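Student: I have a model open and would like to go through its interior spaces and one of its helices. Could we take it step by step?
Tutor: Certainly; please bring it up.

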Amino acid sequence: MISAEKKEKISTRRTYLLLSQALFSLLEENPFEKITLTQLCDASMVPRSTFYRYFEDKYDLLYYCLQTFFETVRLDRDIMYLKDGKGHAFVDKLISVIDQNKDSFTKICRTNKNGIFMDILRNYLMQIIEQILHQLQKEGCALKISQPVFTYLLADLYISMAKCYLEADHGQDPGSFARDVCLFAVRDFFS
């Protein structure tokens, strides 16, 4: 017989998965700001009371989904480096994960290009980068430029990179695209 604790863990994971899938499905068709809690609960078949047991609102759910996505691509200190191969593995993994869900991410990008979704994504990335920078500073690393400029531009670089991969008709495989991004980042443009 399955213990009550194990059942709770399974039901919790299932609820998180259902709500995450519903959000991404709705994001393909609707800008984030127009998605309602009723739509999320109907699409996921999760009662509103259950939703509130796990999340405060749709923003909290979106942050959970972004956190899960970035854990999948192992967002860590290597995002700071795009030269000497340190960040190349991260860029390669990021583009590979995006490529695996390309149709869905393309629809989400198109549907949400003029809404608040991209700003939320940028702000979340900036928070992650700031956390990593804080840890690097404890280890003795220091930035040559101001932290707000660095975090904003690096977050924008990753968002622009993903949008370029999704929107441009470049005909490249994910690995070649990641290599080109890293060459661009270190200003290695010409032979």
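Student: Which helices each supply at least two residues of the lining of the largest cavity?
Tutor: Helix 4, helix 5, helix 6, helix 7 (117-138) and helix 8 each do so. Helices here are DSSP runs of H or I with at least four residues, numbered from the N terminus. A cavity is a set of points on a 1 Å grid, over the protein atoms alone, where a 1.4 Å probe fits but cannot get out, and lining residues have an atom within 4 Å of a point. This is a predicted model, in which local features need pLDDT of at least 70 and side-chain atom pairs count only at pLDDT 80 or more, while totals for chains, interfaces and linings use all residues. Residues are numbered from 1 along each chain as its sequence is written, and side-chain values use heavy atoms, with hydrogens and water left out.

Student: Which helix gives the most to that lining?
Tutor: Helix 8 does, with five residues.

Student: What is the volume of the largest cavity?
Tutor: The volume is about 340 Å³, taken as the space filled by probe spheres set on the grid points, which are joined across faces, edges and corners. The lining comprises 20 residues, and the closest to the centre are Phe-69, Ile-98, Phe-105, Leu-121 and Ala-162.

Student: How do the lining residues divide into nonpolar, polar and charged?
Tutor: There are 19 nonpolar, no polar and one charged. Ala, Val, Leu, Ile, Met, Phe, Trp, Tyr, Cys and Pro count as nonpolar, Asp, Glu, Lys and Arg as charged, and the others, Gly among them, as polar.

Student: Turning to helix 5, which residues are buried?
Tutor: Phe-90, Val-91, Leu-94, Ile-95, Val-97 and Ile-98 are buried in helix 5, where buried means under 20% relative accessible area, exposed over 50% and partly exposed in between, with a 1.4 Å probe and protein chains only. Seen down the axis of helix 5, the buried residues fall within an arc of 160°, so they line one face; the arc is that of the directions from the helix axis to the C-beta atoms. On the other side, Ala-89 and Gln-100 are exposed.

Student: What do the buried residues of helix 5 pack against?
Tutor: They pack against helix 4 (58-72), helix 6 (102-111), helix 8 (147-167) and helix 9 (174-185).

Student: And which residues does Ile-95 touch?
Tutor: Not counting residues up to four places away in sequence, Ile-95 touches Met-161, Tyr-165, Pro-174 and Phe-177, contact meaning heavy atoms within 4.5 Å. Ile-95 has a relative accessible area of 0%.

Technical notes
On a 1 Å grid over the protein atoms alone, a cavity is a set of points where a 1.4 Å probe fits but cannot get out, and a pocket is an open set with protein on both sides within 12 Å along at least five of seven lines; lining residues have an atom within 4 Å of a point.
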